[in-house]
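Colleague: I am new to this structure and would like a close look at one part of it. Could you take me through the part where residues far apart in sequence come together, and set it in the context of the whole model?

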Amino acid sequence: MKQPRKPQTGAGEKKKLRGLLEARRRQLTAEMQGMMRDVRAAGRAHERAADEQDVSESYQRSDVDLAVVQMKAETVARIDAALRRVDAGTYGHCVGCEEPIAFERLRALPFALRCKACEESRERVARVRRERPASAWKETPTGFQD
Ligand SMILES: [Zn+2]
């Protein structure tokens, strides 16, 4: 069933979403601070470690932790961008088609930039791009080298 054009996300809902974004940001920031403490602790541990193997192991652990911190930092950056859009009054509008993004979608993904339709067509394009070399590979006749 095709739904009628959704009403624009109201001021009350935007306030709620802003609260969601801010809460998520605080949570992520706290997690990152906790992880950075762990990374620093691991750093001190490898400074103390006399054994070379211990040193490389603690370096590897720090690398993994830093990758997670990096991921969280990227999410915080997306949240910041969303909060800026709230201030600018453009929040909740798709950057693709400029239609309002459904409130349910924003509630699930408060920093979404695109409506579901635009995001899906973008993912389809990305998938096709990724699959092209793979299918070209499959089309190569097998046993060619025999
Ligand atoms: Zn759109």
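Modeller: Of the 146 residues in this protein, which is a predicted model, 11% count as buried, and that figure is a useful background for the part you ask about. The secondary structure consists of 4 helices and 0 strands, so that, reading from the N terminus, the order of elements is α-α-α-α. Contacts between residues 24 or more positions apart make up 54% of those in the protein with a separation of 6 or more.

Let us look closely at helix 1 and helix 2, which span residues 11–48 and 52–88. One place to begin is Gly34, which lies in helix 1 and counts as exposed because its C-beta neighbours inside 10 Å number 11, where 12 or fewer is the cut-off for that class. Gly34 is 35 residues from Val69 in sequence, yet from C-alpha to C-alpha the two are 9.8 Å apart in space. Asp38, also a residue of helix 1, counts as partly exposed because it has 13 C-beta neighbours inside 10 Å. The C-alpha atom of Asp38 is separated by 8.4 Å from that of Asp65, although their positions lie 27 residues apart along the chain. Seen from the other helix, Val68 lies in helix 2, and it is partly exposed because 13 other C-beta atoms are found within 10 Å. Its counterpart is Met32, 36 residues away along the chain, with a separation of 8.6 Å between the C-alpha atoms of the two.

The same two helices appear again in the largest nonpolar core, which has 10 residues, among them Leu17, Leu21, Ile79 and Ala82. Helix 1 and helix 2 are the elements that give two or more residues to this core. Other members of the core include Tyr91, Ile101, Leu106, Phe111, Ala112 and Cys115.

Further along the chain, the loop between helix 2 and helix 3 holds Glu98, a residue that has a positive phi of about 65° although it is not a glycine. Glu98 is exposed, because 10 other C-beta atoms lie within 10 Å of its own.

As for how far the model can be read with confidence, the mean pLDDT of the protein is 80, and 73% of its residues reach 70 or more. Among the elements, the highest mean pLDDT, 89, belongs to helix 3 (residues 103–108), while the lowest, 76, belongs to helix 4 (residues 116–139). Over residues 135–140 the pLDDT is below 50, and beyond near neighbours in sequence this stretch has 0 contacts in the model.

Key:
Residues are numbered from 1 along each chain as its sequence is written. This is a predicted model: local features need pLDDT of at least 70, side-chain atom pairs count only at pLDDT 80 or more; totals for chains, interfaces and linings use all residues. pLDDT is the predictor's confidence in each residue, from 0 to 100. Two residues are in contact if their C-beta atoms, placed from the backbone, lie within 7 Å. A nonpolar core is a set of buried Ala, Val, Leu, Ile, Met, Phe, Trp, Tyr and Cys residues joined through C-beta atoms within 7 Å. A residue is buried if 20 or more other C-beta atoms lie within 10 Å of its own, exposed if 12 or fewer, and partly exposed in between; C-beta atoms are placed from the backbone.
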